[in-house]
2 protein chains.
Amino acid sequence: MRADARRNRERLLDSAVDLILEVGGEPARDAIAHRAEVGIGTLYRHFPDQQSLFHAVALHVLDRTIGAGELALADAANGGEALRRYMHLAVDHGLGVLSIIHPLLDHPHWPQQRARAESLLRAIVDLAHQDGMMKRDATAQDIGFVIIRACRPLAVGLPLADERALAHRHIDICLDGLTASASQSSSA
Amino acid sequence: MRADARRNRERLLDSAVDLILEVGGEPARDAIAHRAEVGIGTLYRHFPDQQSLFHAVALHVLDRTIGAGELALADAANGGEALRRYMHLAVDHGLGVLSIIHPLLDHPHWPQQRARAESLLRAIVDLAHQDGMMKRDATAQDIGFVIIRACRPLAVGLPLADERALAHRHIDICLDGLTASASQSSSA
DNA sequence: CTCTAAGCGGAGGATTATACTCCGCTTGTG
DNA sequence: CACAAGCGGAGTATAATCCTCCGCTTAGAG
């Protein structure tokens, strides 16, 4: 594969991730190509159909997130810290795109990768529980949904940087709310 | 105005709110009419253009939310409780639609209504602060953004009821995280 | 440096989604 | 009962998006 081709492929994937997160849905293909500063023809050469594009996007994102998670788990001082790092990294790496494109995915080694991500998350959550840093009733599923929600755009016309900053702030707020020391958890 | 006409108008507004929340953006007009179980012609008779429809939706939602907020403020035992009630009611009444349609709004008595809602929220937050039930650095703006985020769809294919239940759960988590007793609020 | 196959761009036709009108039929109400 | 107010939805206009195709450009081997 020629060097320029590889570079364009990367740009396309990154642009696709960004756009999916910005619009909170499937973006127009032309928009992806334009954002990547390549012609539409180039997009269709690399990814002849929706399937292949989104599949590549999903793997791209999941791989980065899994890597980051493993690192967080290895390095962090304790479970709570590992969890915090993982969540912030997941947002930065655009894990949220999965919620949007996952209905379109049916590639063979997709379930396996997905399982790997899930067991990693469970490991982190378990550790946080062991270290007494999470409420009893807080589950790995909770964490997953919080991450997904934090990745969704607010649709409020904010520039991307602000949007991202808010996502991180909300992650922190939720983490505080899921932390063992926090007191009441009533429902209205 | 004939009784059936009024009823259809209501149905259209409710359907519009639901759909905006479900898709997290401007829904197709046909979809709104279909959801309301009326013909498209009926939609266009009541709301000849996008402006008039979305303006009516915005007022509908804001009025309900303001009413609910005033009630919460009057009834609740303390600021923390008022805040909690307000947030849950805001989600139930679909306050989140405003974030999506507000760029389209330019009706005369819209800013005034908006100001009313904002001062109400500030009053509730101030009270919560006075009652020592909120962290110092938690602002009315934080609350607003948390509500908006909770109203956004997760894009995960959940049925509406589950989606709503999760929204409430996340409101509770965030409230716990913004509550004065919660300890650390570090950032990654 | 030359040559060529791999790669590129983007105009433009095909397709699909959405907007909106129009008019004959139905129904609430005085 | 009369009839104006209201209704439905087929159908056309418009706009967005998809995707192909082919002549031009360029990386990189020899």
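1. Secondary structure of chain A. In this predicted model, chain A contains 9 helices and 0 strands. Read from the N terminus, the order of its elements is α-α-α-α-α-α-α-α-α. The radius of gyration of chain A is 18 Å, close to the 16 Å given by the globule rule for 188 residues, so the chain is as compact as a globular protein of that length.

2. Dimensions and packing of chain A. Along the principal axes, the C-alpha atoms of chain A fill a box of roughly 55 × 35 × 25 Å. Of the 188 residues in the chain, 41% are buried. Among contacts in chain A with a separation of 6 or more, 73% are made by residues 24 or more positions apart.

3. Nonpolar core. The largest nonpolar core has 106 residues. Those touching the most other members are A:Val57, A:Ile147, B:Val57 and B:Ile147. Leaving aside residues up to four places away in sequence, B:Val57 touches B:Leu13, B:Ala16, B:Val17, B:Val97 and B:Ile101. As general background, nonpolar side chains tend to be buried together in soluble globular proteins.

4. Residues around DNA strand C. This strand is surrounded by 22 residues, and the closest are A:Val38, A:Gly39, A:Gly41, A:Thr42 and B:Ala3. At least two residues of the surface near strand C come from each of these elements: helix H1 (3-23) and helix H3 (40-46) of chain A, and helix H1 (3-23), helix H2 (29-36) and helix H3 (40-46) of chain B. H3(A) gives the most, with 4 residues. By residue class, the surface near strand C divides into 8 nonpolar, 6 polar and 8 charged.

5. Residues around DNA strand D. Here there are 21 residues, of which A:Ala3, B:Val38, B:Gly39, B:Gly41 and B:Thr42 come nearest. The elements that each supply at least two residues of the surface near strand D are H1, helix H2 (29-36) and H3 of chain A, together with H1 and H3 of chain B. H3(B) gives the most to this surface, with 4 residues. The residues near strand D divide into 8 nonpolar, 6 polar and 7 charged.

6. The two DNA surfaces read together. Which helix gives the most to each surface? For DNA strand C the answer is H3(A), and for DNA strand D H3(B). Helix H2 (29-36) of chain B is listed for strand C, and helix H2 (29-36) of chain A for strand D. A:Gly39 is among the closest residues to strand C, while B:Gly39 is among the nearest to strand D.

Key. Residues numbered from 1 in each chain as written. Chains lettered and ligands numbered in written order. Predicted model: local features only at pLDDT ≥ 70, side-chain atom pairs only at ≥ 80, totals over all residues. Near = placed C-beta within 6 Å. Nonpolar A, V, L, I, M, F, W, Y, C, P; charged D, E, K, R; others polar. Core = buried A, V, L, I, M, F, W, Y, C linked by C-beta atoms within 7 Å. Buried ≥ 20, exposed ≤ 12 C-beta atoms within 10 Å, placed from the backbone. Contact = placed C-beta atoms within 7 Å. Rg over C-alpha atoms; globule rule 2.2 N^0.38 Å.
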